[in-house]
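Me: I would like to go through some of the labels attached to this model and ask what each one rests on.

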Amino acid sequence: MPTAPIFVVQLHDARRLHYDVRLEVDGVLKSWAVPRGPSLDPSVKRLAVFTTDHSIEYAEYEGVIADSQYGSGAVIVWDAGIYQNLTRDKQRLVDPATAIDRGHFKFRLQGVKLNGVFAFTRTERDWLLVKVRDDDADPLLDLTVAEPRSILSGLTIEEMAATGG
């Protein structure tokens, strides 16, 4: 019986502080950098920049990437869990890789912090991450402020940076 694919959201303090939203697709983590982080408000569209794929093992990475390396800076696992693909073309389910190629990927997250339906949609220049209206939408709750700590270590991004690694 197949297991549900995973997702992870890593808070990364590289050149700029941003959230890396990663979804397991065909054995790798498809990744988007979301500068302001996910929003629970369906009226808010967050810029999401498609980035390089990462290995599944990277989903549990926390630490400080050395200054001389790509993506240097502190990283914490801000949220993680499983997701369900909801992308449809008429009545047929569209596999995640095809959905991403076509520029629209709709999915339901079941995480520690994030739950409910979200969608990535490609624009002419980048992507947008949007919370779909459902029972988990909450325009008044900003989880990036209310829940700043790692779900693995319990550290904030500042505390992780202070550990040096």
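Reply: Let us begin with the residue classes, under which Ala, Val, Leu, Ile, Met, Phe, Trp, Tyr, Cys and Pro count as nonpolar, Asp, Glu, Lys and Arg as charged, and the others as polar. Please keep in mind that this is a predicted model.

Me: What makes the lining of the largest cavity divide into nonpolar, polar and charged residues as it does?

Reply: The lining consists of Pro38, Ser39, Asp41, Val44, Arg46, Phe118, Leu129, Val130 and Lys131. Because Pro, Val, Phe and Leu are in the nonpolar class and Asp, Arg and Lys in the charged class, while Ser falls among the others, the division is five nonpolar, one polar and three charged. Strand S11 (residues 127-131) gives the most to this lining, with three residues, and the volume of the cavity is about 30 Å³.

Me: Why is Ser31 called buried or exposed?

Reply: Buried means under 20% relative accessible area, and Ser31 has 0%, so the residue counts as buried. Ser31 lies in strand S3 (residues 28-34) and touches, among others farther than four places away in sequence, Val49, Phe50 and Thr51.

Me: How do you know that the side chains of Ser31 and Arg22 are joined by a polar contact?

Reply: The distance is 2.8 Å, and the cut-off for such a pair of N or O atoms is within 3.5 Å, so the distance criterion is met.

Me: Why is Ala162 described as buried or exposed?

Reply: Exposed requires over 50%, and Ala162, which is found in helix H3 (residues 157-163), has a relative accessible area of 69%, so the residue is exposed.

Methods. Residues are numbered from 1 along each chain as its sequence is written. This is a predicted model: local features need pLDDT of at least 70, side-chain atom pairs count only at pLDDT 80 or more; totals for chains, interfaces and linings use all residues. Side-chain values use heavy atoms; hydrogens and water are left out. On a 1 Å grid over the protein atoms alone, a cavity is a set of points where a 1.4 Å probe fits but cannot get out, and a pocket is an open set with protein on both sides within 12 Å along at least five of seven lines; lining residues have an atom within 4 Å of a point. Grid points are joined across faces, edges and corners, and a volume is the space filled by probe spheres set on the points. Helices (H or I, at least four residues) and strands (E, at least two) are DSSP runs, numbered from the N terminus. Buried means under 20% relative accessible area, exposed over 50%, partly exposed in between (1.4 Å probe, protein chains only). A polar contact is a pair of N or O atoms within 3.5 Å; within protein, one must be able to donate a hydrogen and the other to accept it, and residues adjacent in sequence count only if both atoms are side-chain atoms. Contact means heavy atoms within 4.5 Å.
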